[in-house]
Amino acid sequence: MEHVLLVGDQNTYLRRRGDRVELQEGVLDADDLEADYGATVETHIGEEFVVAQPDLNDIFDRLLEQRTQTISHKDAGYIVSRTGIGADSAVAEAGTGSGFLTLTLARSAREVRSYEVRDDHIASARRNIEKVGAGNVTVTQRDVKEEGFEADDNHLVVLDMKHPEDAVPEAAASTRNGGYVVCYCPVFEQVRDCADVFEDTSLRHAETVEVSRREWRVFPARPEPQTVPHTAFLTFARKL
Ligand SMILES: C[S@@+](CC[C@H](N)C(=O)[O-])C[C@H]1O[C@@H](n2cnc3c(N)ncnc32)[C@H](O)[C@@H]1O
């Protein structure tokens with residue numbers, strides 16, 4: 001299902017190609033929604049929109065279901081860059097949640113094996129994955145604390161779930177030598193709990209970071225006051 005971004009002066013919309021759409025600024029015909037990227041189209045009352053190609057973030061923000069807390073761009077981006085995963089990497093994660101991290105990882109890795117305990121979250125994440133058309137993702141229902149991860153060749157295993165420390169031994173067993181386990185910990189006590197468990201496994205603590213992001217207004221130059229101060233601590237451990 002292909003979508004286009006309609007960028008106007010006031011509003012931006014994500015709509016399916018070939019549909020007739022009624023916007024706040026008037027009606028666009030199905031032909032308008034077939035226009036090439038970069039074209040300008042006009043609603044029946046003369047409001048102009050540029051037809052643009054949507055990226056993954058446009059789809060995240062405007063099309064996907066968010067049933068759970070989802071990982072922020074700053075944290076997902078750091079996980080990808082810090083662990084150096086690439087087109088030859090297999091990665092695993094628990095839990096799937098809404099599939100936001102899943103889809104970010106799917107853009108960077110060869111294969112994403114995602115595990116989730118709740119069937120309503122699985123159904124929602126699968127709808128999201130289908131909408132994006134990510135063909136390199138599998139979502140499996142499983143409590144990873146009990147059943148672990150299936151493979152032992154992952155370059156990266158991410159734990160974004162309640163009590164990640166309980167799944168650290170299973171994550172360690174599923175990671176290949178030189179690979180990473182990352183625990184997403186909203187509170188610092190969880191970092192300590194995870195680091196305690198690293199000691200009993202083949203994982204070595206690499207770093208714990210809090211990624212901060214401050215947005216700035218350009219005219220006049222000043223930081224935006226509503227910048228989110230804290231999401232989580234990211235604890236990286238390496239299998240050595
Ligand atoms: C905060 S959400 C993950 C959000 C996800 N990273 C995203 O960006 O959309 C946490 C998920 O972990 C799942 N979960 C909790 N314990 C689990 C377990 N033992 N095994 C698998 N999934 C689990 C929950 O059901 C929930 O969907």
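Visitor: Which domains does the assignment give for the protein chain?
Guide: The domain assignment splits the chain into domain 1, residues 3-54, and domain 2, residues 60-239. Keep in mind that this is a predicted model.

Visitor: How far apart are the C-alpha centres of domain 1 and domain 2?
Guide: Those two centres are 35 Å apart.

Visitor: On to the ligand. Where does it sit?
Guide: The ligand occupies the largest pocket. Three elements each give two or more residues to the shell around the ligand: α3 (100-108), β8 (111-116) and α5 (144-147).

Visitor: Which residues come nearest to the ligand?
Guide: There are 22 residues around the ligand, and the nearest of them are Ile-71, Glu-116, His-121, Asp-143 and Asp-160.

Visitor: And what is the shell like by class?
Guide: The shell has seven nonpolar residues, nine polar ones and six charged ones.

Visitor: Which backbone atom lies 3.3 Å from a nitrogen atom of the ligand?
Guide: That is a backbone N or O atom of Val-117.

Visitor: What about oxygen atoms of the ligand?
Guide: A backbone N or O atom of Ser-98 is 3.2 Å from an oxygen atom of the ligand. For Leu-101, a polar backbone atom is 3.2 Å from a ligand oxygen atom.

Visitor: How much of the ligand does the protein bury?
Guide: The protein buries 89% of the 610 Å² that the ligand exposes when taken alone.

Visitor: What does that kind of number stand for?
Guide: Accessible area lost when the parts come together is often used to give the size of an interface.

Visitor: Changing topic to the backbone. Which residues does a cis peptide bond join?
Guide: One such bond links Ala-94 to Gly-95, with omega at about -10°. Gly-95 belongs to the loop between β7 (90-94) and α3. Another cis peptide bond links Phe-219 to Pro-220, and its omega is about -5°.

Visitor: Where does Pro-220 lie?
Guide: Pro-220 is in the loop that runs between β13 (216-217) and β14 (222-223).

Visitor: Which residue other than glycine has a positive phi?
Guide: His-163 does, with phi near 50°.

Visitor: And where is His-163 found?
Guide: His-163 is in a loop as well, the one between β10 (154-159) and α6 (168-173).

Note on methods:
Residues are numbered from 1 along each chain as its sequence is written. This is a predicted model: local features need pLDDT of at least 70, side-chain atom pairs count only at pLDDT 80 or more; totals for chains, interfaces and linings use all residues. Side-chain values use heavy atoms; hydrogens and water are left out. Domain bounds come from an automatic or database domain assignment. A residue is near a molecule or strand if one of its heavy atoms lies within 4 Å of it. A polar contact is a pair of N or O atoms within 3.5 Å; within protein, one must be able to donate a hydrogen and the other to accept it, and residues adjacent in sequence count only if both atoms are side-chain atoms. Accessible areas come from the Shrake-Rupley method with a 1.4 Å probe; for residues, only the protein chains shown count as cover. On a 1 Å grid over the protein atoms alone, a cavity is a set of points where a 1.4 Å probe fits but cannot get out, and a pocket is an open set with protein on both sides within 12 Å along at least five of seven lines; lining residues have an atom within 4 Å of a point. A molecule sits in a cavity or pocket if more than half of its atoms lie within 2 Å of its grid points. Helices (H or I, at least four residues) and strands (E, at least two) are DSSP runs, numbered from the N terminus. Ala, Val, Leu, Ile, Met, Phe, Trp, Tyr, Cys and Pro count as nonpolar, Asp, Glu, Lys and Arg as charged, and the others, Gly among them, as polar.
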